[in-house]
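Got your viewer ready? Load the model, switch on a cartoon view, and keep the selection box handy.

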Amino acid sequence: MIRVTVLAVTVAVALSTAQAQLPDAPSETQLAHNFESPFEVSPPAVQPPTMSPSSSPPCTQMKAVPSNFIASPGNLPDAPTAYVPLSRRCKFELVMRQTYSPYTFASAAFDATWAQMSAQWPQYGGGMQGWGKRLGATLADVESRRFIQTFVLASVLHEDPRYFPSGKNGPVARAWYAATRVLITRDDYGRNVFNQAEFLGASFTSSLQDSYYPRPDRTFGATMDRFLGSLSSDATTDILKEFTPDLKRLFHKHCPQSIQRFEARIPIPEDMKP
């Protein structure tokens, strides 16, 4: 009996001592981390480059990207000074500037005139009434595409809708780079990613056009033709953006001195100067 009592007291003292030396129970997060495989190391979350409000340029200076900007995969996003992402407000402002641009209305008027001359959408009729319907449809195509692709999808998918010059040598390499921008774009961290906004934007707007186009143009084949046409049109536009600075410099170089002096007195925006 005495041996049993002594043994019980000894076990109780040992348990109390061990319990006093035990650490606090880990939380569920710690338990999940402890049971992870020791051979798998979770990569650190990539954070967007942080910039103070004073160092970030206004949206009006972020419409275009400098021609000498070259971002290699190894220096982004660790070098925030090499790349400045567009905020959602800047993406929306970019869409608004394009919406009210006179070039938008001039291009839509040209497309409507060409569509009427080529007898496209005959259900709209002729005369000024038919031309007005074609102009409305063309403007609806452009504006809906810009809003959905440049602002909504680019914001949701964290993609940069701006065009980045190639920095390559040779017209063939530059043209190939520009044409493939419908497949590859940059995200908000400056990395090359698949251009989801391009394909989804072209798909959504091509389907949306079925709601106001004439009934014969609402077939699946017509919708796919508009989808492929949007991609090819954007590829052509990117090629023009790639070589436009060269054309500006070429024309400015051979431009008469009188016209150059006249240009110097005109308040031309910086991004439009040769």
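Here is a tour, stop by stop, of what to select and what you will find.

Before you click, note that this is a predicted model, in which local features need pLDDT of at least 70, side-chain atom pairs count only at pLDDT 80 or more, and totals for chains, interfaces and linings use all residues. Residues are numbered from 1 along each chain as its sequence is written, and side-chain values use heavy atoms, with hydrogens and water left out.

**The whole chain**

Start with the cartoon: the chain has nine helices and three strands. These are DSSP runs numbered from the N terminus, with helices (H or I) of at least four residues and strands (E) of at least two. Follow the ribbon along the sequence and the pattern reads α-α-α-α-α-β-α-β-β-α-α-α. Now colour by accessibility: of the 274 residues in the chain, 30% are buried. Buried means under 20% relative accessible area, exposed means over 50%, and partly exposed is in between (1.4 Å probe, protein chains only).

**Helix α5**

Select residues 127-156 to light up helix α5. Zoom in on T138, which lies in this helix and counts as buried at 7% relative accessibility. Its side chain has a polar atom 2.8 Å from the backbone oxygen of R134. That is a polar contact: a pair of N or O atoms within 3.5 Å where, within protein, one must be able to donate a hydrogen and the other to accept it, and residues adjacent in sequence count only if both atoms are side-chain atoms.

Also in α5 is A140, which is partly exposed at 28% relative accessible area. Draw a line from A140 to A108: their C-alpha atoms are 9.6 Å apart, with the two positions 32 residues apart in sequence numbering.

**Helices that cross**

Next, add α7 (residues 196-208) and α8 (residues 220-253). Two packed helices are described by the angle between their axes and the distance between the axes. The axes of α7 and α8 come within 9 Å and cross at roughly 140°; axes here are lines fitted to C-alpha atoms, for helices over the stretch in contact, with angles running from 0 to 180 degrees between N-to-C directions. The two helices are therefore oblique to each other (under 35 degrees is roughly parallel, over 145 roughly antiparallel, 65 to 115 roughly perpendicular, and the rest oblique). Now bring α5 back: its axis and that of α7 come within 9 Å and cross at roughly 140°, which makes α5 oblique to α7.

**Rings**

How many aromatic pairs does the structure hold? There are eight, where a pair means rings of Phe, Tyr or Trp (its six-membered ring) with centres within 6.5 Å; planes under 30 degrees apart are stacked, over 60 edge-to-face, and the rest tilted. Select F92 and F151: the ring centres are 5.2 Å apart and the planes sit at 65°, so this pair is edge-to-face. It links distant parts of the chain, with F92 in α3 (residues 88-99) and F151 in α5, 59 residues apart. F92 is partly exposed, at 34%. Then try W121, Y124, Y212 and Y213, which form one aromatic cluster.

**Last stop**

Finish with T180, in the loop between α6 (171-179) and β2 (184-187). T180 is buried, at 13%, and its side chain reaches the backbone oxygen of W176 at 3.0 Å.
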